[in-house]
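The following account leads the reader through the salt bridges of a single model. The structure is shown first, and the charged pairs are then taken in turn.

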Amino acid sequence: MFASMADALGPAVYDHLYPDWEAAQARAVTAGCTREGTRVWVAADESGPAGFVTVVVHDETYDEPDSGEIEMLAVDPVRQGRGVGGLLTAHALDAIRQAGCRIAVVATGGDPGHAPARHVYERAGFRPLPLVRYYQPL
């Protein structure tokens, strides 16, 4: 995923945003899984953790009121393509419904490295709203 983002952004922007992508990813996962109000579920098999999903439920003060958001979905690369992402997404959607939300939201990258995530979300019934975010080194 990060190699794909490096190709999309170019070295000047990528190196500025992700001088140490492994540390940045570790911080993002830790923050995403420990933030107050975040719900976290882990999928495991006989070999151990296979993936996880985090969900945040938003109230009427949020830009997308009465929505639940899948903030992170990660599947062990060795286990990708085996339905783990789909099962985690279905579980997250059930939790969002049970919380009384009327809308479920998820965001992901448009680069080739995020294609598996887009496939999981679209298969689960999400409809994309294409957005473009531009970067320029100064």
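In this predicted model, glutamate 71 pairs with arginine 35 in a salt bridge whose closest N and O atoms lie 2.3 Å apart. Glutamate 71 belongs to strand E3 (residues 67–75), whereas arginine 35 sits in the loop between helix H3 (21–34) and strand E1 (38–45), so the contact ties together parts that are 36 residues apart in sequence. Both partners fall in the partly exposed class: glutamate 71 has a relative accessibility of 30%, and arginine 35 has a relative accessible area of 41%.

This pair belongs to a wider set, as a search of the whole structure finds 4 salt bridges. Another is formed by the side chains of arginine 79 and aspartate 76, with an N to O distance of 2.4 Å. Here the two partners differ in exposure: arginine 79 is buried, at 9% relative accessible area, because its value is under the 20% limit for that class, while aspartate 76 is partly exposed, at 25%. The pair is also part of a network of salt bridges that links Asp45, Asp76 and Arg79.

A further salt bridge joins arginine 97 to aspartate 94, the closest N and O atoms being 3.0 Å apart. Both residues lie in helix H4 (residues 84–98), and their spacing of 3 residues separates them by about one helical turn. Arginine 97 counts as exposed, with 55% relative accessibility, since the class begins over 50%; aspartate 94, with a relative accessible area of 39%, is partly exposed.

Definitions and conventions. Residues numbered from 1 in each chain as written. Predicted model: local features only at pLDDT ≥ 70, side-chain atom pairs only at ≥ 80, totals over all residues. Heavy atoms only, no water. Helix = DSSP H or I, 4+ residues; strand = E, 2+ residues; numbered from the N terminus. Buried < 20%, exposed > 50% of the residue type's maximum accessible area, 1.4 Å probe, protein only.
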